[in-house]
Amino acid sequence: MNKKYLFLSESTLKIIAIIDHIALFLLPSNSDLQIALRAIGRLSMPIFIFMNIEGIYHTRNIWKYFLRLFVLGTIIDIIGIISKYGPGNILIDFSMYTIIFYFLKQKNIKSLISIFPIAFLVLSDLQISVFGIQFFNSD
């Protein structure tokens, strides 16, 4: 791809994601500014997923790629639990996507193993953390 036509770089996407997180943590809930900045920040997520899949296809060692995402996601989960924000970040999901794509690319009986990370992602949508502990707000 010719770089001069690339108008949205990875750095730009990170800045957009930071805008989303600043709006989440620093602005009053449901204010007009927070809603507007969060809407802008949400535009970056599909592109981050695309970049994750590109990383899967272009990595030399998919297991190191998985481990890097999973370890960093786990560290962020631990920090979230300690700081009372709770677990949950997209890096754990990205690490599971990595495993799913790896096994689906095998195109044999190993492809069935991809059911386990898919099940993990479904369970994580039910508010179950990496550590198997449920964290809910009482509201």
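Here is a quick briefing on how helices 3, 4 and 5 pack in this chain, plus a word on confidence.

The model is a predicted one, and the chain averages a pLDDT of 75, with 76% of the residues scoring at least 70. Helix 4 packs with helix 5 at about 155° and with helix 3 at about 145°, while helix 3 and helix 5 cross at roughly 45°.

**Confidence**

- Among the elements of the chain, helix 4 (residues 62-82) comes out with the highest mean pLDDT, 88, and helix 6 (residues 115-124) with the lowest, 70.
- The pLDDT drops below 50 over residues 127-139, a stretch that still has 22 contacts in the model beyond near neighbours in sequence.

**Helix 4 with helix 5**

- The axes of these two helices sit 7 Å apart, at an angle of about 155°.
- Angles over 145 degrees count as roughly antiparallel, so that is the label for helix 4 and helix 5.
- Their crossing is left-handed.
- On the helix 4 side, the contact uses Ile 62, Trp 63, Tyr 65, Phe 66, Leu 69, Phe 70, Leu 72, Gly 73, Thr 74, Ile 76 and Asp 77.
- Helix 5 answers with Leu 91, Ile 92, Phe 94, Ser 95, Met 96, Thr 98, Ile 99, Tyr 102 and Phe 103.
- Sorted by class, that contact has 15 nonpolar residues, four polar and one charged.

**Helix 3 with helix 5**

- Helix 3 (residues 44-58) and helix 5 (residues 90-106) have axes that come within 10 Å and cross at roughly 45°.
- That angle makes the two helices oblique to each other, and the crossing is right-handed.
- Helix 3 brings Met 45, Phe 48, Ile 49, Asn 52, Ile 53, Ile 56 and Tyr 57 to the contact, and helix 5 brings Ile 90, Phe 94, Tyr 97, Thr 98, Phe 101 and Lys 105.
- The class tally here is ten nonpolar, two polar and one charged.

**Helix 3 with helix 4**

- These helices pack at about 145°, with axes 9 Å apart.
- From helix 3, Met 51, Asn 52, Gly 55 and Ile 56 meet Ile 62, Tyr 65 and Leu 69 of helix 4.
- Five of the residues in this contact are nonpolar and two are polar, with no charged ones.

**Aromatic pairs**

- The count of aromatic pairs comes to four.
- Take Trp 63 and Phe 66: their ring centres are 6.3 Å apart and the planes stand at 80°, so this pair is edge-to-face.
- Both residues, Trp 63 and Phe 66, belong to helix 4, three residues apart, or about one turn of the helix.
- Trp 63 and Phe 66 also turn up among the helix 4 residues that meet helix 5.

Terms used
Residues are numbered from 1 along each chain as its sequence is written. This is a predicted model: local features need pLDDT of at least 70, side-chain atom pairs count only at pLDDT 80 or more; totals for chains, interfaces and linings use all residues. Side-chain values use heavy atoms; hydrogens and water are left out. pLDDT is the predictor's confidence in each residue, from 0 to 100. Contact means heavy atoms within 4.5 Å. Axes are lines fitted to C-alpha atoms, for helices over the stretch in contact, and angles run from 0 to 180 degrees between N-to-C directions. Angles under 35 degrees count as roughly parallel, over 145 as roughly antiparallel, 65 to 115 as roughly perpendicular and the rest as oblique. A crossing is left-handed if the near helix is turned anticlockwise from the far one by less than a right angle, and right-handed if clockwise. Ala, Val, Leu, Ile, Met, Phe, Trp, Tyr, Cys and Pro count as nonpolar, Asp, Glu, Lys and Arg as charged, and the others, Gly among them, as polar. Rings of Phe, Tyr and Trp (its six-membered ring) pair if their centres lie within 6.5 Å; planes under 30 degrees apart count as stacked, over 60 as edge-to-face and the rest as tilted.
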